[in-house]
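Here are a few notes to read alongside the model. They follow two topics: how a pair of helices packs, and where charged side chains pair up.

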Amino acid sequence: MHFTGTVYRNPYWPTWPLLEITQGCTHNKCKFCTMYKEVPFRMSPIEWIEEDLKEIAECDPGARTIQLLSANPLVLTYDKLAPIFEMIHKYLPKMEYIYLAGRVSDLKNKTVDELKKLKDLGMREISLGVESGDDRTLDRIHKGYHAEDILEEAQRGEFDPLSEKEMLEELKLFVENLKCDCSFITHHTISGVNLSGPDFLSRKERIVAALERQISHGDLDRMEALRRNKRTL
Ligand code: SF4
């Protein structure tokens, strides 16, 4: 396998195969991050990507999930990403869930239609390193974009965010159908109550009850206002 510099495995998907399709970070200037200081950004040679896919296919031919590296592979244009996704399906025909990370600005070189086509090709999750919606904070950490860049998608009216109630209902549905024991962590303030902790199954009923209370009696307007006025995550 070809891995260049720091390899960051998303801690929430510890068992997924990793496939390096880019190296380094296009921005590489955030004050708090030293991960890719020594690695100039470039797309991995397509021969490397193919070699690595063959290797993954030998070890795990039934792989259904994969995480693409490095810092922001989402920066590649649709024309570069789509053939890579097709190659992933060629060597890993059971692939269902392609995960990759990116910067807010990486969405701008793709149309909504292209993003939908990537979804059809298996892109199920994008991790966006937003960090903050506060311009002063974004400037201080040298993030390289401002709040209005983050808002632009939503403001075009092509994306309907869930309401507070819908987010709670979605979380409740997820919890009700989660059958394995695990640590359950809601690390952003989605619920307004702290539901995090180990031994999920022994706490499942209490978590569902807490969510039901929030849905029926919670001050959802206040939660929405709190979320709207948050300056940082
Ligand atoms: S965009 Fe991400 S990877 Fe790049 S420097 Fe900033 S925090 Fe690090």
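1. A word on terms before we start: an axis here is a line fitted to C-alpha atoms, for helices over the stretch in contact, and angles run from 0 to 180 degrees between N-to-C directions. Keep in mind that this is a predicted model.

2. Let's begin with H2 and H3. Their axes come within 10 Å and cross at roughly 10 degrees. Angles under 35 degrees count as roughly parallel, so that is the label H2 and H3 get.

3. Which residues make this contact? From H2 there are Tyr 78, Leu 81, Ala 82 and Phe 85, and across from them H3 brings Glu 114, Lys 117 and Leu 118. Sorted by class, the contact has five nonpolar residues and two charged ones, with no polar residues.

4. Lys 117 is worth a second look, as this H3 residue also has a salt bridge, with the side chain of Asp 113 (3.9 Å, N to O). Both partners sit in helix H3, which covers residues 112–120, and they are four residues apart, about one turn of the helix. Each is partly exposed: Asp 113 has a relative accessible area of 46%, and Lys 117 has 36%.

5. How many salt bridges does a search of the whole structure find? There are six. One of them pairs Lys 90 with Glu 50, at 3.8 Å from N to O. Lys 90 belongs to helix H2 (residues 78–91) and Glu 50 to helix H1 (residues 46–59), so this pair ties together parts that are 40 residues apart in sequence. Lys 90 is exposed, at 56% relative accessible area, while Glu 50 is partly exposed at 23%.

6. Further along the chain, Lys 172 and Glu 212 also meet through their side chains in a salt bridge, at 3.8 Å from N to O. Lys 172 is in helix H6 (residues 164–177) and Glu 212 in helix H7 (residues 200–217), so here too the linked parts are 40 residues apart in sequence.

7. Is Lys 172 buried or exposed? With 19% relative accessibility it counts as buried, because the cut-off for buried is under 20%. Its partner Glu 212 is partly exposed, at 37%. The pair belongs to a network, too: salt bridges with shared partners join Lys 172, Glu 176 and Glu 212.

How values were computed: Residues are numbered from 1 along each chain as its sequence is written. This is a predicted model: local features need pLDDT of at least 70, side-chain atom pairs count only at pLDDT 80 or more; totals for chains, interfaces and linings use all residues. Side-chain values use heavy atoms; hydrogens and water are left out. A salt bridge is a side-chain nitrogen of Lys or Arg within 4 Å of a carboxyl oxygen of Asp or Glu. Helices (H or I, at least four residues) and strands (E, at least two) are DSSP runs, numbered from the N terminus. Buried means under 20% relative accessible area, exposed over 50%, partly exposed in between (1.4 Å probe, protein chains only). Angles under 35 degrees count as roughly parallel, over 145 as roughly antiparallel, 65 to 115 as roughly perpendicular and the rest as oblique. Contact means heavy atoms within 4.5 Å. Ala, Val, Leu, Ile, Met, Phe, Trp, Tyr, Cys and Pro count as nonpolar, Asp, Glu, Lys and Arg as charged, and the others, Gly among them, as polar.
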